[in-house]
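Biologist: Before I rely on any label attached to this model, I would like to hear how each one was reached. Could we go through them in turn?

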Amino acid sequence: MARITINPADLEEDFLRASGPGGQNVNKVETAVQLRFHAYRAELSERVFARLKTLSGRRMTKDGVVIIMAQQHRTRERNREDALARLTELVEEAAKPPPPMRRKTKPTKGSQTRRMDSKTKHGATKKLRSGPVSD
């Protein structure tokens with residue numbers, strides 16, 4: 001597998017106020033991180049970029065920028081690490097080779113026979129359920 005590196009020039013960080021509990025601290029300190037990864041500028045193969053686009057879903061803009069929000073921790077550093085780890089995980093998942101193609105198989109002769117026998121048996125059961133024949 002080819003090694004993929006994320007160039008720091010392709011990353012952009014914005015800090016904003018996090019939502020949720022945190023008391024007065026949440027109102028005055030910008031701890032949430034919005035990490036932007038310019039995937040279209042990064043040197044990714046077409047296959048990896050297409051898979052990244054599929055995996056990131058709504059997190060990727062029309063311009064090819066992946067946006068990851070991190071606001072779970074109380075400090076900027078922890079949120080920055082969290083966002084970077086999530087981005088790395090996403091890119092690594094996109095870079096994995098595709099699974100092998102499914103090989104078509106046919107049912108065995110024994111399984112076909114068992115299936116037909118069970119169908120015959122079920123039909124006979126249903127025929128026995130019918131009422132008496134009137135003349």
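Modeller: What follows is a set of questions about the labels, each answered from the values behind it.

Biologist: What kind of model is this, and what pLDDT do local features need?

Modeller: The model is predicted, and local features need a pLDDT of at least 70.

Biologist: Let us begin with the helix α3, residues 76-95. How do you know whether the span of α3 agrees with its 20 residues?

Modeller: At 1.5 Å a residue, taken over one less than the number of residues, α3 should span 28 Å, and its end C-alpha atoms are 28 Å apart, so the two values agree.

Biologist: Which residues of α3 are buried, and what covers them?

Modeller: The buried residues of α3 are N79, D82, A83, L87, L90, V91, A94 and A95, and their cover includes β1 (11-16), β2, α2 and β3.

Biologist: Why is N79 called buried or exposed?

Modeller: The relative accessibility of N79 is 0%, and buried means under 20%, so N79 counts as buried. Leaving out residues up to four places away in sequence, N79 touches T31, A32, V33, A70, Q71, Q72 and H73.

Biologist: What makes the approaches of the N79 side chain to backbone nitrogens count as polar contacts?

Modeller: The side chain of N79 reaches the backbone nitrogen of Q72 at 3.3 Å, while a polar atom of that side chain lies 2.9 Å from the backbone nitrogen of H73. Because the cut-off for a pair of N or O atoms is 3.5 Å, the N79 side chain has a polar contact with Q72 and another with H73.

Biologist: T88 also lies in α3. Why is T88 called partly exposed?

Modeller: T88 has a relative accessible area of 31%, and partly exposed is the class between 20% and 50%, so T88 belongs there. The C-alpha atoms of T88 and H38 are 13 Å apart, with their positions 50 residues apart in sequence.

Biologist: How do you know whether H38 itself, in strand β2 (residues 32-38), is buried or exposed?

Modeller: The relative accessible area of H38 is 10%, and the limit for buried is under 20%, so H38 is buried. Apart from residues up to four places away in sequence, H38 touches D10, E12, G64 and V65.

Biologist: Why do F49 and K28 fall into the classes they do?

Modeller: F49, in helix α2, has a relative accessible area of 23% and is therefore partly exposed, whereas K28, in helix α1 (residues 25-28), is at 58% and therefore counts as exposed, the cut-off for that class being over 50%. The C-alpha atoms of F49 and A94 are separated by 7.6 Å, and those of K28 and A94 by 37 Å.

Biologist: Which residues touch the most other members of the largest nonpolar core, and which elements supply it?

Modeller: F37, A39, L44, L52, V66 and L87 touch the most other members among the 17 residues of that core. At least two residues each come from β2, α2 (46-56), β3 (65-70) and α3, and α3 gives the most, with six. Beyond its neighbours within four places in sequence, F37 has contacts that include I6, D10, L11, A42 and V91.

Biologist: What makes you say that a charge sits over the ring of F15, and how many aromatic pairs are there?

Modeller: The charged end of R76 is 4.1 Å from the centre of the F15 ring, and the distance limit is 6 Å, with a further limit of 35 degrees from the ring normal; R76 is accordingly recorded as sitting over that ring. The count of aromatic pairs comes to zero, the limit for a pair being centres within 6.5 Å.

Notes. Residues are numbered from 1 along each chain as its sequence is written. This is a predicted model: local features need pLDDT of at least 70, side-chain atom pairs count only at pLDDT 80 or more; totals for chains, interfaces and linings use all residues. Side-chain values use heavy atoms; hydrogens and water are left out. Buried means under 20% relative accessible area, exposed over 50%, partly exposed in between (1.4 Å probe, protein chains only). Contact means heavy atoms within 4.5 Å. Helices (H or I, at least four residues) and strands (E, at least two) are DSSP runs, numbered from the N terminus. A nonpolar core is a set of buried Ala, Val, Leu, Ile, Met, Phe, Trp, Tyr and Cys residues joined through side-chain atoms within 4.5 Å. Rings of Phe, Tyr and Trp (its six-membered ring) pair if their centres lie within 6.5 Å; planes under 30 degrees apart count as stacked, over 60 as edge-to-face and the rest as tilted. A polar contact is a pair of N or O atoms within 3.5 Å; within protein, one must be able to donate a hydrogen and the other to accept it, and residues adjacent in sequence count only if both atoms are side-chain atoms.
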